[in-house]
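Please study the sequence and the model shown below, then work through the exercises in order. Each task is followed by a solution in steps.

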Amino acid sequence: MKWFAGLMFFILPAAGIADEGHGSSPEPAASASLTPRIEAQSDAFELVAILDDGKLTLYLDRFASNEPVPNAKIEVESGAYKAVAQADGHGAYTAPADALTKPGQYPLVFTVQAGEASDLLNGTLIVPQPAVQSPHGRDWMQWLAWIAGGAIVVGILWLLRRRSRISRAATAMAIAVAVLLIFGGAPAAVFADEGHDKAKGSAPGYAAGDNASARRLADGGVFMPKPAQRQLGVLTIVAEMRDLARSIELNGRVIADPNAGGRVQSTQSGRIEAGPRGLPTLGQKVSKGEVLAYVKPVANAIELGNQRAQLAEINSQYALTEKKVKRLEGLEGAVPQKEIDGARAEFASLAGRKAAVGSSLSNREALIAPVSGVISAATAITGQVVEAREVLFEIVDPQRLLVEALAYDAAIVADIAGASGAPPGGGSLPLVFVGGTQQLREQALPLLFRIKPPLPPLAVGQPIKVIAQTRQTIKGVAVPLAALTRNSAGETVAWVHVGAEKFVAKKVSFQALDGANAALTDGIAAGERIVTAGAAALSQVR
């Protein structure tokens, strides 16, 4: 076995020499190429032209907003080549371009007519040479390395055989292994490397090697092809520095308008009985003056016995007085009139007392809706015994609600010029400042705002963020809140449209203007195109 270990000692280095430069370092990734394309811009339009399969596809957008321009007339010229692009109705156009498929540079002029606007755009379309398969410069070097290694092994075996170190059979077997390595391993390595090189691709850069999908660039930007921009609805605005109102964020909550809401309470202890339409339920609409339920008074045994005894005594006096009145009326003219009038007054008094005491034993208290609206709280159940002043129903008008916010600086009350609300689900609520108290409540000053109708679905007690605009101003760029996203480091960024198909994220400082807009105070220069729709999709590109 010693001679076999020695043999491997010489064979393995030879194999390593043969593969040197092939497996010692990882293969660099093949760079994906794009189909030939051209970008052209003006103050009004932005155009991208893509050459593919003998056809020129054009994407025409508004420069400021990135909105597609449909049904425009576009003429393309390059020397003797002239064509009129056909619109698909969605801002994309196609034109035959067989004359532009040969490798070379083609200066193109685009004449655009969109409604009353017209413009000339130009650029140079570069069609590259097809990629040439790289020759295998080291194929013969690999062959020579393997042959040299095999020759060394055969030579060593011959010397060992001369000195009778190994048998003839072992020598023959070792020589056979060396021959197999030379004439089997070397071609395999060469052919494997040939296939490896072919995998790198030899097709033209604008055909099989095309890769026009959205991707993250090495500088951190994002390449987003025009077709993908259309699918994602990417829109932009041109940054314009203006004087904007400085705003303050306050924590608030929705409350009911005291003039459009009410509570229904019992004035006495009793048992709940259903009203004419049954007991009202949550969300049920009621009208002012409608009977919602009844409360039948309840009393203990002693109170009930006293009331019945009092009623019995009143009934007895009532019967006697009634007979007395009838007797005196029969003697009218024989007895003084004042005695008759006195008996009649006593009889009327007893009749009232009888009715009052009798009703206290059998009558019910009607619970009436004080305002029209919707039942927002209901705690009454048929047969339930309630105490006096217990709240049984609450009624609110969903179109007349207020927002109460808390401020911690008394100077804010006199400095508020406008306000808006930002519900947790998004959107913006226009608010009107009603006023604020000058008395602290839990170390804060309550401020009251009225929500302008029509109101979205809101619930009393729902938390809401209030953005109050002050009379002070700041310099900034107004953008929708949807334009702001966060990067992997958690920083707030805005995406800038730096090229027709390239976007760059810039770290910004901002201040909320209202529930739907913000002011960018740092990080953006005037004139840059800021993405206002589709920014979240750009942040997801990897």
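**Exercise 1. Determine what share of the contacts in the protein chain between residues at least 6 apart in sequence join residues at least 24 apart.**

Step 1. A contact means heavy atoms within 4.5 Å. Step 2. Among contacts between residues at least 6 apart in sequence, 69% join residues at least 24 apart.

Two remarks on the source apply throughout. The model is predicted, and local features need pLDDT of at least 70, side-chain atom pairs count only at pLDDT 80 or more, while totals for chains, interfaces and linings use all residues. Residues are numbered from 1 along each chain as its sequence is written, and side-chain values use heavy atoms, with hydrogens and water left out.

**Exercise 2. State how many helices and strands the protein chain has, and what percentage of its residues count as buried.**

Step 1. Helices (H or I, at least four residues) and strands (E, at least two) are DSSP runs, numbered from the N terminus. The chain comes to seven helices and 31 strands.

Step 2. Buried means under 20% relative accessible area, exposed over 50%, and partly exposed in between (1.4 Å probe, protein chains only). Of the 542 residues, 36% count as buried.

**Exercise 3. Identify the strands that pair with S24, and decide whether S24 is mostly covered or uncovered.**

Step 1. Two strands pair if DSSP finds at least two bridges between them. Strand S21 (residues 401-407) runs antiparallel to S24 and is joined to it by six bridges. In this pairing, Leu 406 has Pro 446 of S24 as its bridge partner.

Step 2. Strand S23 (residues 429-436) also pairs with S24 in the antiparallel sense, over five bridges. Here Leu 431 is matched with Ile 451 of S24.

Step 3. S24 itself spans residues 445-451, and five of its seven residues are buried, so that the strand is mostly covered.

Step 4. In the loop between S24 and strand S25 (463-480) one finds Pro 454. The peptide bond from Pro 453 to Pro 454 is cis, with omega near 0°.

**Exercise 4. Give the order of the open sheet of four strands, and explain why one side of S13 and of S15 is left without a neighbour in the sheet.**

Step 1. The order is S13-S20-S18-S15, and the pairing is antiparallel.

Step 2. Strand S13 (262-265) and strand S15 (285-286) stand at the edges; each has a single partner strand, so one side of each lacks a neighbour in the sheet.

Step 3. S15 is joined by two bridges to strand S18 (residues 373-378), and the two run antiparallel. Within this pairing, Val 286 has Gly 373 of S18 as its partner.

**Exercise 5. Describe the largest nonpolar core and the strands that supply it.**

Step 1. A nonpolar core is a set of buried Ala, Val, Leu, Ile, Met, Phe, Trp, Tyr and Cys residues joined through side-chain atoms within 4.5 Å. The largest has 28 residues, of which Leu 56, Leu 58, Leu 60, Ile 74, Leu 100 and Phe 110 touch the most other members.

Step 2. Eight strands are to be listed: S1 (37-41), S2 (45-52), S3 (55-62), S4 (73-78), S5 (81-87), S6 (92-96), S7 (104-114) and S8 (117-127) each supply at least two residues of this core. S7 gives the most, with five residues.

Step 3. Apart from this core lies another, of 21 residues, including Ala 407, Val 413, Ala 419 and Ile 464.

**Exercise 6. Establish whether Pro 225 is buried or exposed, and which residues Pro 225 touches.**

Step 1. Pro 225 lies in the loop between strand S10 (222-223) and helix H4 (226-232). Its relative accessibility is 4%, so Pro 225 counts as buried.

Step 2. Not counting residues up to four places away in sequence, Pro 225 touches Ala 212, Ser 213, Ala 214 and Glu 501. Pro 225 and Glu 501 are 276 residues apart in sequence, yet 5.4 Å apart in space, C-alpha to C-alpha.

**Exercise 7. Establish whether Asn 71 and Arg 389 are buried or exposed, and give the phi value of each.**

Step 1. Asn 71, in the loop between S3 and S4, is exposed, with a relative accessible area of 61%. Its phi is near 55°, a positive value in a residue other than glycine.

Step 2. Arg 389, in the loop between strand S19 (385-386) and strand S20 (391-396), counts as exposed at 69% relative accessibility. Its phi is near 75°, again a positive value in a residue other than glycine.
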